[in-house]
Amino acid sequence: MCGIIGYVGSRECRDLLLEGLQRLEYRGYDSAGLSLVTNGAVGSVHAVGNLQNLRDALARSNGHLKGSTGIGHTRWATHGRVTEANAHPHWDTSERFHIVLNGIVENWTELRDRLKAQGAEFTSETDAEVVAHLIASHFDGDLVEAVRLAYNDLRGHYAFVAMSADEPDVLVGARKECPLVVGLGDGESFIASAIPAFMSETRNVQLVHDGEIVAVTPTGSRFISPDGTAIEREVDRVDWNDEQAEKGGYETFMLKEIHEQADAVAETIADRTARPDGVDLPELDDELLRDCRRIVIVACGTSYHAGLIGRYAIEEWARVPVEMDIASEYRYRNPIVGPGDLVIGITQSGETADTLAAMRLARERGAKVIAVTNIMGSQATRDADGVVYTRAGLEISVAATKTFVAQVAAIYLLGLKLAELRHALEPAELESLVNELKSIPHRIEMLLESCSDQVREIARQHHHREFFLYLGRHIGLPVCLEGALKLKEISYIPTEAYAAGEMKHGPIALLDSSRPVVCVATDMPVLDKVLSNISEVKARGSEVIAVATEGSGHVAATADQTIFIPRTDWILQPILAVIPLQLLAYNIAVYRGLNVDQPRNLAKTVTVE
Ligand code: F6R
């Protein structure tokens, strides 16, 4: 989750850019950099690590980096290692065009080869650098036009801002799915990936919509579409206080993080799905995946639920047996594990004591261990033979949301890679699944748009209830477990999440008209059985709130309320189905007047044994 800030005006802007980057720090980053136009040339300073390292590097450059037009960036490595050369801004061979980019350029290798053949000299391993060379190759005296032409050559999910020594009074931004906003001040303008980056300087904001290009000058902005048509854009006034700004204008961190889930998944799969016919996880030795006889996943809480979804996906796609265990149980039960086993520890913090202990135990007994984590340098990364990072950015709310979907995305990547290495899927099946996975960020955005009001209304109707039952089967069961955990954790309402086939063995006694039942009834091989379960529940007077796949008329006809998720491959649907359940828990807690970001008795990271 990278950050972008740009300034054009009359003030010396180095510190303004640094302050902007500081306000974007929450997104997480591993390196940073600035470029400023100085006397008809552009200078740049990069540093690995935190912003203090960038400040130190700027100090060492004897303050020669000055200017009143500039761009800055915090980078979270995707393409290319964490090095100064790979930090943004990037530039073209003439060093006159500099860019900062968030997201991923999918067709960067083909563009790089073409540009290299035309004489471009690349200095980094990133996909982003291609954009600077591309703009230079299209430049014919007009930066906006060069960016427009470049935009039409690019494929991917990104936002970037470009600057040129030849036109020092303009910054040009372009947005393809990743966020970008303009801030209009008095004789100065800003452009950034999020409003808080410039909010202390101006509160007059213009949103850049998907598929738009914007030219920003000290006196204003001009929006165009990729075919060059002018677009009118209203100016909004943001009246957030500092606390609201930190939350990006959302009421709470949890709601903000729920809305960051498309980005969290997009960043996690980014470069790893750049190839249409498979998945790239260069951070793992292929042998780790190819040679294992059995997989054991260990995790706690929400991460455990991500692992449960992974179990279905890995077994279905790669046909490798997967065992799933709660880390705090596994570590104390003298498990049979050893050479030939691959143990995957899932932990967003990388510091959960039980998960770390389970990973260590397995490693001591000769198993290979992979960590799936969101935090660079965390203990889990040091205790593993390989690491797959989720790239969800920092999660502040105690209840995990965006780190969960990023974990599920990472596990899907592992499942597809295993299937590829072991030739367990037909090439066409693999290609279709990779494509479907790439469409998930867009589908998350559609879903948040389509279901938010409906879920709020359902929460309003049910927030006073004293018990909820969640029922699911097969791949819907982990979604129920996660939805129920969210509800009990932030609303303190007792919940049960049950495998629907177990109903008749006791829990059916719980049902009556005072107890709503949440059912995950998305596409899956046993959807018919879930439908029967819904009928059984209805027969006992309980109201059913169902999550179903769009077009599932049978579910809508049986349940009392049905929330539809966009259709995709059935194994990928849990990553969507959990979102209405997160929102349901969130809204119920809000209606009950609770502090959703900091539930009682809970801490973000559980490091004690
Ligand atoms: C629930 C939640 C917890 C964590 C669990 C494991 O919303 O956040 O259940 O999932 O404490 O934490 P990590 O993933 O850091 O190991």
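## A small set of residues around a cavity

Cys2, His73, Arg75, Trp76, Thr78, His88, Leu101, Gly103, Thr126, Asp127 and Ala128 line the largest cavity. This is a predicted model, so treat what follows as a tour of a prediction. The structure holds 1 cavity of 30 Å³ or more, and the volume of the largest cavity is about 60 Å³.

Where does the lining come from? Strands β4 (69-75) and β6 (97-105) each supply at least two of its residues. Sorted by class, the lining of this cavity has 4 nonpolar, 5 polar and 2 charged residues.

## Following the sheet

Strand β6 also belongs to an open sheet of 7 strands, in the order β5-β6-β7-β8-β12-β13-β14, with antiparallel pairing. At the edges sit β5 (90-91) and β14 (230-231), each of which pairs on one side only. Helix α4 (residues 129-138) packs on this sheet and touches β5, β6 and β7 (156-164). The direction of α4 makes about 130° with that of β6.

Now look at one pair of strands within the sheet. Strand β8 (residues 167-176) and strand β12 (residues 212-217) pair in the antiparallel sense over 5 bridges. Which residue in β12 is the bridge partner of Val172? You will find that it is Ala215. A second helix, α5 (residues 143-153), lies across β6, β7, β8, β12 and β13 (220-224), and runs at about 20° to β8.

## The largest pocket

Next comes the largest pocket, with about 960 Å³ of space. Its lining is made up of 28 residues, and those closest to the pocket centre are Arg175, Pro179, Tyr250, His259 and Glu260. Helices α7 (253-259), α8 (261-269) and α15 (427-462) are the elements that give two or more residues to this lining. Which element gives the largest share? That is α15, with 4 residues.

What classes of residue line the pocket? There are 13 nonpolar, 6 polar and 9 charged residues.

## Rings that meet

To finish, search for aromatic side chains: the structure holds 6 aromatic pairs. One of them joins Trp317 and Tyr412, whose ring centres are 5.7 Å apart. Why is this pair called tilted? The planes of the two rings stand at 50°, and so the pair falls into the tilted class, which covers angles that are neither under 30 degrees nor over 60.

Trp317 lies in helix α10 (residues 301-318), while Tyr412 lies in helix α14 (residues 402-421), so the pair ties together parts that are 95 residues apart in sequence.

How values were computed: Residues numbered from 1 in each chain as written. Predicted model: local features only at pLDDT ≥ 70, side-chain atom pairs only at ≥ 80, totals over all residues. Heavy atoms only, no water. 1 Å grid on protein atoms, 1.4 Å probe; cavity = no way out; pocket = protein on both sides within 12 Å on 5 of 7 lines; lining within 4 Å. Points joined across faces, edges and corners; volume = space filled by probe spheres on them. Nonpolar A, V, L, I, M, F, W, Y, C, P; charged D, E, K, R; others polar. Pairing = 2+ DSSP bridges. Contact = heavy atoms within 4.5 Å. Axes fitted to C-alpha atoms, helices over the stretch in contact; angles between N-to-C directions. Phe/Tyr/Trp six-rings, centres within 6.5 Å; stacked < 30°, edge-to-face > 60°.
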